[in-house]
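Student: Could we take a close look at one small part of this complex and work outward from there? I'd like to know what it pairs with, what it touches and how far to trust the picture.

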Amino acid sequence: MTKGDRPEHTAPPEIFYNEDEARKYTTNSRMIAIQAQLTERALELLALPDNGKTKLLLDLGCGSGLSGAALTDQGHAWVGMDISEAMLDVALDREVEGDLCVGDLGQGLPFRTGTFDGAISISAVQWLCNADFKGADPRKRMRRFFDTLYSSLNRGARAVLQIYPENAVQAQSLTTAAMRAGFSGGLVVDFPHSTRAKKYFLVLMVGGMTAVPEPKGLSGEASDEEGAHVSVAGRTHGRKKQRTGGHSMISSRHPEAKGKAWIFKKKEQARRKGYASIPVDTKYTGRKRKAYF
Amino acid sequence: MKLLTHNMLSCHIKGVKNGYPFKIDPVKIEEMDADYDPDFLRHIYPRLEWPALREAAQVMGEPNLPEEVTESMLQNDEEFLRHFHHALLELILEEGALVCPETGRRFPVHKGVPNLLLHEDEV
């Protein structure tokens, strides 16, 4: 691989991280230093409550266990997952403290609901953006990954994923995929003005700062709750009116199609599926062009 | 693989509803000393599925876990905590397999690392 090539473009991860590549992670001091640095920063962003208790963390794409070693140093228990067996062999040689398993992030995480106090991932998640085998759908794989990650974290936990996005679109698509799974949070970019030192961290929170809404009717005081309900109903009523207002645009052949509302609906569908380049909705959307001749 | 990890793992084959807990099919079991930390045990206990841990510990050769655990046992019962610690962190499944309780699919464990990669038709 020449300098500057992206490893994602050369081969899928389980093939790229072979014995040769894995050995670098034990011998190359620069690589080790960078990994340790990134893990330290990820832990800082993870902002675990400092109550002296041992936390159970998840290390996604743990590889040779360099990041896991940093977790052990901080006194946490961890479980690591990686797709490359060669890398895991290196981790076994290093006798890391955490448990390891072979798994593909894009197939979802094989963990029970609400088990981990936090998750970190160093330079792994961008691999999800590539279609490495026939029939691979990166959007589906991302969705499965974030959905299962969300469910395996404990309420109030965070996940910090350090990524090397290829471009802004890729970073955006990862962030939206995460938000769609229910995470709050966003992208933290360290040293944004330097090309070389720039580092992206996707900081995701389960629940985050917003408290979990209480179930209704627990204490019997339903009066103001009901008031809020009425106003919401009013809002949807207004929207309905608007939709019927755009009636003039609806063609006779496809009464359901080609209206402004239909265009908005289709664009929203595409956005939900994760397509990146959907034009923004403006007052000009769906208007007829002037009849130039 | 420690039983702590076993307790967290659940089968993720598409469509599987009752993929928990994995049955353990041991071939080689090792014991490894781990630092005894009762605070961690108390912290992690609420998140464990106790029946699953108890069953797995029996398979792995630690039959001394009680059926019911009370708060006072977690706080003061040194003997219980030692057994708990031993089962959770010191028994290592080195070689063998994890078997999905619903589909019977076997995930091999080699050198203490379970291979949880799915086949294409299981995703």
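Student: Let's start with strand E4 of chain B: which residue there is the bridge partner of B:His110?

Tutor: The partner you're after is B:Val113. Keep in mind that this is a predicted model, so everything below is read from computed coordinates.

That bridge belongs to the pairing of strand E3 of chain B, residues 106-110, with E4(B). The two strands run antiparallel and are joined over two bridges. Step back and you'll find an open sheet of four strands in chain B, ordered E1-E2-E3-E4, with antiparallel pairing. E4(B) sits at one edge and E1(B), residues 23-31, at the other, each pairing on one side only.

Now follow the chain back from that other edge. The loop between H1 and E1 of chain B contains B:Pro21. The bond between B:Tyr20 and B:Pro21 is a cis peptide, with omega at about -10 degrees. It's worth a glance because most peptide bonds are trans.

E4(B) also matters for the meeting of the two chains. Across that interface, 23 residues of chain B contact 21 residues of chain A. On the chain B side, the elements giving two or more residues are helix H1 (3-8), helix H2 (38-44) and strand E4 (113-114). The top contributor is H2(B), with four residues. Sort that side of chain B by class and you get 13 nonpolar, five polar and five charged residues.

Who is across from E4(B)? One place to look is helix H6 of chain A, residues 85-93. Its buried residues are A:Glu85, A:Met87, A:Leu88, A:Val90 and A:Ala91. Their cover includes E4 of chain B along with three elements of chain A: helix H3 (19-27), strand E2 (77-82) and strand E3 (99-102). So the little strand you asked about is part of what covers the buried residues of a helix in the partner chain.

Just past H6(A) comes A:Glu95, in the loop leading from H6 to E3 of chain A. Its phi is positive, about 55 degrees, even though it isn't a glycine. Most residues other than glycine have a negative phi. And while H6(A) holds those buried side chains' residues, A:Glu95 counts as exposed because it has 7 C-beta neighbours inside 10 Å. A:Phe191 is another such case: not a glycine, yet with a positive phi of about 45 degrees. You'll find A:Phe191 in the loop between strand E6 (184-190) and strand E7 (199-205) of chain A. A:Phe191 is exposed too, because 10 other C-beta atoms lie within 10 Å.

H6(A) falls in a stretch with an annotation. UniProt, in an unreviewed entry, lists residues 58-136 of chain A as "domain: Methyltransferase type". That stretch is 22% helix and 25% strand, and its end C-alpha atoms are 25 Å apart. A:Ser123 is worth picking out as well, in the loop between strand E4 (116-122) and helix H7 (138-152) of chain A. A:Ser123 is partly exposed because 19 other C-beta atoms lie within 10 Å, and 20 or more would make a residue buried. Leaving aside residues up to four places away in sequence, A:Ser123 touches A:Gln162 and A:Tyr164. Its C-alpha is also 10.0 Å from that of A:Lys199, although 76 residues of sequence separate the two.

As for chain A overall, it has ten helices and seven strands, and 35% of its 293 residues count as buried. Of its contacts between residues at least 6 apart in sequence, 63% join residues at least 24 apart. The chain is divided into domain 1 (7-205) and domain 2 (246-275), whose C-alpha centres lie 39 Å apart.

How far can you trust it? The model scores ipTM 0.90 and pTM 0.77. In chain B the mean pLDDT is 91, and 100% of the residues reach 70 or more. For chain A the mean is 81, with 82% of residues reaching 70 or more. Residues 210-214 of chain A are below 50, and that stretch has three contacts beyond near neighbours in sequence. Residues 236-247 of chain A also stay under 50, with four contacts beyond four places in sequence.

Terms used: Residues numbered from 1 in each chain as written. Chains lettered and ligands numbered in written order. Predicted model: local features only at pLDDT ≥ 70, side-chain atom pairs only at ≥ 80, totals over all residues. Buried ≥ 20, exposed ≤ 12 C-beta atoms within 10 Å, placed from the backbone. Contact = placed C-beta atoms within 7 Å. Nonpolar A, V, L, I, M, F, W, Y, C, P; charged D, E, K, R; others polar. Pairing = 2+ DSSP bridges. UniProt positions renumbered as here; feature names shortened; annotations may be inferred. Domains from an automatic or database assignment. pLDDT = per-residue confidence, 0-100.
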